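Hi everyone, thanks for making the time. I'd like to walk you through a structure that's probably new to most of you, so let's put it up on the screen.

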Amino acid sequence: PLALHALGYLEPGLEETVLEADADTRLLLLGGRPLGEAIVMWWNFIGRDHDDIVAHRGAWEALLSRGEGDRFALPEDDPQEPLHAPALPTVRLVHRR
């Protein structure tokens, strides 16, 4: 069981799993093969290096501010306003170890 706003983790190798909810639920399920390369993660963005993150943030903000771009899309009829990305840190982002 998971508490509200909790993150769950399933060990690699499962062939299937059953998810049950006793109330209306939103779920984000991430999975797949490991990327096999070093990555940089920041806020909601993943890239190969700092410059990828800068570009992803710029594309996200262009979508929110001007409705421009083809990298991201917003869900239709979402009752919540999308969040703007926070300012980037003042240091260069590095690969996760």
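Before anything else, one bit of vocabulary: when I say buried, I mean a relative accessible area under 20%, exposed means over 50%, and partly exposed is in between. Also, please keep in mind that this is a predicted model.

Okay, let's start with H50. You'll find H50 in helix α1. So, is H50 buried or exposed? Its relative accessible area is 12%, and because the cut-off for buried is under 20%, H50 counts as buried. What does H50 touch, if we skip its neighbours within four places in sequence? The answer is V40, V91, R92 and L93. With L93 there's a nice detail: a polar atom of the H50 side chain sits 2.9 Å from the backbone nitrogen of L93.

Next up is I39, in the segment before β1. I39 is buried too, at 17% relative accessibility. If you leave out residues up to four places away in sequence, I39 is in contact with I46, G47, V94, H95 and R96. Take V94 from that list: I39 and V94 are 55 residues apart in sequence, yet their C-alpha atoms are 8.2 Å apart in space.

Now for the charged side chains. In general, side chains of opposite charge can pair when their charged atoms come close. How many salt bridges are there here? The count is three.

One of them joins R48 and E37, with 2.9 Å from N to O. R48 is in the loop between β2 (45-47) and α1 (50-66), while E37 is in the segment before β1 (40-42), so this pair ties together parts that are eleven residues apart in sequence. As for the surface, R48 is exposed, with a relative accessible area of 53%, and E37 is partly exposed at 41%.

Another salt bridge pairs D51 with R92, and there the closest N and O atoms are 3.3 Å apart. D51 belongs to helix α1 and R92 to the segment after α1, so here the parts tied together are 41 residues apart in sequence. D51 is partly exposed at 45% relative accessibility, whereas R92 is exposed at 53%. You've met R92 already, by the way, among the contacts of H50.

Then there's R66 with E68, a salt bridge at 3.1 Å, N to O. R66 is exposed, with a relative accessible area of 54%, and E68 is partly exposed at 42%.

Last topic: pockets. The largest pocket has a volume of about 2700 Å³. It's lined by 49 residues, and the closest to its centre are L7, G8, L28, L29 and L30. What kinds of residues make up that lining? There are 28 nonpolar, ten polar and eleven charged ones.

The second largest pocket holds about 210 Å³ of space. Which residues line the second largest pocket? They are W43, N44, F45, I46, H56, W60, R71 and F72. By type, that's five nonpolar, two polar and one charged. Both β2 and α1 supply at least two residues each to this lining. And I46 should ring a bell, since I46 is also one of the residues that I39 touches.

That's the tour, and I'm happy to go back to any part of it.

Definitions and conventions
Residues numbered from 1 in each chain as written. Predicted model: local features only at pLDDT ≥ 70, side-chain atom pairs only at ≥ 80, totals over all residues. Heavy atoms only, no water. Salt bridge = Lys/Arg side-chain N within 4 Å of Asp/Glu carboxyl O. Helix = DSSP H or I, 4+ residues; strand = E, 2+ residues; numbered from the N terminus. Buried < 20%, exposed > 50% of the residue type's maximum accessible area, 1.4 Å probe, protein only. 1 Å grid on protein atoms, 1.4 Å probe; cavity = no way out; pocket = protein on both sides within 12 Å on 5 of 7 lines; lining within 4 Å. Points joined across faces, edges and corners; volume = space filled by probe spheres on them. Nonpolar A, V, L, I, M, F, W, Y, C, P; charged D, E, K, R; others polar. Polar contact = N/O pair within 3.5 Å; in protein donor to acceptor, adjacent residues only side chain to side chain. Contact = heavy atoms within 4.5 Å.
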